[in-house]
Amino acid sequence: MHVRHALTAAATAASVLALGLVAAAPVQAAEYSSALKITGVQYDAPGSDSNKCSGGNTKNEYVTIKNYSRTATVNLKGYVVKDAVGNRFTFTASHTLQPGDYIKLRGARGTDSDAKNVVYRQNCNFIWNNDRDTIYLYKPSGARSDVHSYTKKANDRDGNGYISYHG
């Protein structure tokens, strides 16, 4: 009897473990199922931080979003980028990314340009912390498209204020 009970318990434990792995897989898959992903962040703009609209360097702080799809064109309208404390930017205009194309979302004020692959937040305040932060990218539906946390010490070994993701 004890052998049978032990085998049943082992089978139950294996089933629970298998179910746990199956349950965990969709969460990761859902997180990275989007064609759009954060490919890099210049979280610390070169030079001394100055969020002045005239002469400041917030334009040198940016996040790069890339369309990793091989076939789908994606419109950024309605996508949201935000940080760990809730600072956010919503793409309110249409910006289409062809497969393999990217766009840099920059701080400061400027003229958006699909040809130059740039959108400005129209805000002269920095969004990314220089020591650590989390970058979220949400689809217009509210579903998470991508997320990355960083710390300067762990992720920016050369100290240049830039971190790349997704190879």
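Lys152 is partly exposed in this predicted model, its relative accessible area being 35%. This lysine takes part in a salt bridge with Asp44, and the closest N and O atoms of the two residues lie 3.8 Å apart. The partner is set differently towards the surroundings: Asp44 has a relative accessibility of 16% and therefore counts as buried, the cut-off being under 20%. The structure holds 1 salt bridge, formed by Lys152 and Asp44.

It helps to see where the two partners sit along the chain. Lys152 belongs to helix H2, which covers residues 152-155. Asp44, in turn, is found in the loop that runs between strand S1 (36-42) and strand S2 (62-67). With 108 residues separating Lys152 from Asp44, the pair links distant parts of the chain.

Attention can now turn to the strands. An open sheet is built from 4 strands, arranged in the order S5-S4-S9-S10 with antiparallel pairing. At its edges are strand S5 (88-90) and strand S10 (144-151), each of which pairs on one side only. From one strand to the next, the twist averages 10°. In general, the strands of a sheet pair through backbone hydrogen bonds, in either a parallel or an antiparallel manner.

The pairing at the S5 edge can be followed in detail. Strand S4, spanning residues 80-82, is joined to S5 by 3 bridges, and these two strands run antiparallel. Across this pairing, Val81 stands opposite Phe89 of S5.

Terms used:
Residues numbered from 1 in each chain as written. Predicted model: local features only at pLDDT ≥ 70, side-chain atom pairs only at ≥ 80, totals over all residues. Heavy atoms only, no water. Salt bridge = Lys/Arg side-chain N within 4 Å of Asp/Glu carboxyl O. Buried < 20%, exposed > 50% of the residue type's maximum accessible area, 1.4 Å probe, protein only. Pairing = 2+ DSSP bridges. Axes fitted to C-alpha atoms, helices over the stretch in contact; angles between N-to-C directions.
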